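This briefing covers a few local features of one protein model, grouped by topic. Please read it alongside the sequence and the structure.

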Amino acid sequence: LAWLVTDIISPLLREVPTHMYDIYSHLDILCRLPESELKGLQFFTADVSALYTNLNINECIETVIEFAEEHWSKLSTYCLSLSEIRGIFTVVLTNSYFTFNGRLYKQLLGLFMGCRPSPPVAIIRMWKFERNSIYLDSYYISNPVRFLYKRYVDDAGSLAKSREEALDMLQRIAAVGSR
C-alpha cells in the first residue's frame, strides 16, 4: 500500500515550485542569474528541525488529498477515488512500526522516516506552508527570492539582503506551519 500511494502522489512533486530534486539544481539556478540581480544579496540555508516527527499526520493527509484534487488530471490513480486514496494514506501513515534495541514500537507522532510516502508527503505539506506565507506576500512575489527559495525536503535555501530578512522569511513560513 505504501508503494501504491507513493506512486500515485509522486507526480505532484513537479507541481511544487520550491521542491528541488537534488542539491545541484539550486546552484544551477544561481549560476544562470545575472550578477546584477545578485548584487547586495546573501545566500542562506536553513534546516527544518525534526520535520517528519513534527508534522501532524491527519493534516498531512488532508494537504495531500487537497493537492491531489487540485492536480487530479496529472495523476495515475489506478482507478481509485480521492476517498479511497485518503483511506489508504490513513492506513499507511498511522500504522508505521520500527524496532529499537530489539523491541517493536509504533510511530505515534508525525511521519515515520522509513515509510516510503513520508518524503513526498512532507514536501507537499511544506509547500502548503510556503504557498500560504511568502507566496502571498507582495514583497517576496516581486523579489528574486520567489525564484530562488528552494527546498530539498527539509533543507531550504534562498537569497536575502540581510540576516534579518532571511529570518523574517523563515518566520513567516513557520508561522503558517504552527497554526
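In this predicted model, Leu 93 is in contact with Ile 57, Ile 61, Leu 111, Cys 115, Pro 117, Ser 118 and Val 121, leaving aside its neighbours within four places in sequence. Leu 93 is also one of the residues with the most contacts inside the largest nonpolar core. The points below take up the cores, then Thr 94, the salt bridges and helix 10.

**Nonpolar cores**

- The largest nonpolar core has 46 residues, and besides Leu 93 those with the most contacts inside it are Ile 9, Phe 89, Leu 111, Val 121 and Ile 124.
- At least two residues of this core come from each of helix 1 (2-9), helix 4 (51-54), helix 5 (57-70), helix 6, helix 7 (118-131), strand 5 (155-160) and helix 10 (163-177).
- Another core, of 5 residues, lies apart from the largest one; Ile 29, Leu 30, Leu 41 and Leu 148 are among its members.
- In soluble globular proteins, nonpolar side chains tend to be buried together.

**Thr 94 and its surroundings**

- Thr 94 sits in the loop that runs between helix 6 (82-93) and strand 2 (97-100).
- With a relative accessibility of 27%, Thr 94 counts as partly exposed, because that class takes in values between the 20% limit for buried and the 50% limit for exposed.
- Neighbours within four places in sequence aside, the contacts of Thr 94 are with Ile 57, Phe 89 and Lys 106.
- Ile 57 is 37 residues away from Thr 94 along the chain, yet their C-alpha atoms are separated by 7.5 Å.
- The side chains of Thr 94 and Asn 95 are joined by a polar contact of 3.4 Å.

**Salt bridges**

- The count of salt bridges comes to 8, and three of them are described here.
- Glu 130 and Arg 151 form a salt bridge in which the closest N and O atoms are 2.6 Å apart.
- Glu 130 belongs to helix 7 and Arg 151 to strand 4 (residues 150-152), so this pair ties together parts that are 21 residues apart in sequence.
- Glu 130 is buried, at 0% relative accessibility, and Arg 151 is likewise buried at 0%.
- Arg 32 and Asp 28 meet through their side chains in a salt bridge of 3.1 Å, N to O.
- Both Arg 32 and Asp 28 lie in helix 2 (residues 24-32), 4 residues apart, which is about one turn of the helix.
- Arg 32 is exposed, with a relative accessible area of 59%, whereas Asp 28 is partly exposed at 41%.
- A salt bridge of 2.9 Å, N to O, links the side chains of Asp 168 and Arg 172.
- Asp 168 and Arg 172 are both in helix 10, 4 residues apart, about one turn of the helix.
- Asp 168 is partly exposed at 28% relative accessibility, and Arg 172 is partly exposed with a relative accessible area of 33%.

**Helix 10**

- Helix 10 has 15 residues and spans 21 Å from its first C-alpha to its last, close to the 21 Å expected at 1.5 Å a residue.
- The buried residues of helix 10 include Glu 165, Ala 166, Met 169, Ile 173 and Val 176.
- These buried residues cover an arc of only 110° around the axis, so they are on the same side of helix 10.
- Arg 163, Glu 164 and Gln 171 are exposed on the other side of helix 10.

Conventions
Residues are numbered from 1 along each chain as its sequence is written. This is a predicted model: local features need pLDDT of at least 70, side-chain atom pairs count only at pLDDT 80 or more; totals for chains, interfaces and linings use all residues. Side-chain values use heavy atoms; hydrogens and water are left out. Buried means under 20% relative accessible area, exposed over 50%, partly exposed in between (1.4 Å probe, protein chains only). Contact means heavy atoms within 4.5 Å. A polar contact is a pair of N or O atoms within 3.5 Å; within protein, one must be able to donate a hydrogen and the other to accept it, and residues adjacent in sequence count only if both atoms are side-chain atoms. A nonpolar core is a set of buried Ala, Val, Leu, Ile, Met, Phe, Trp, Tyr and Cys residues joined through side-chain atoms within 4.5 Å. A salt bridge is a side-chain nitrogen of Lys or Arg within 4 Å of a carboxyl oxygen of Asp or Glu. The expected span of a helix is 1.5 Å times one less than its number of residues. The arc is that of the directions from the helix axis to the C-beta atoms.
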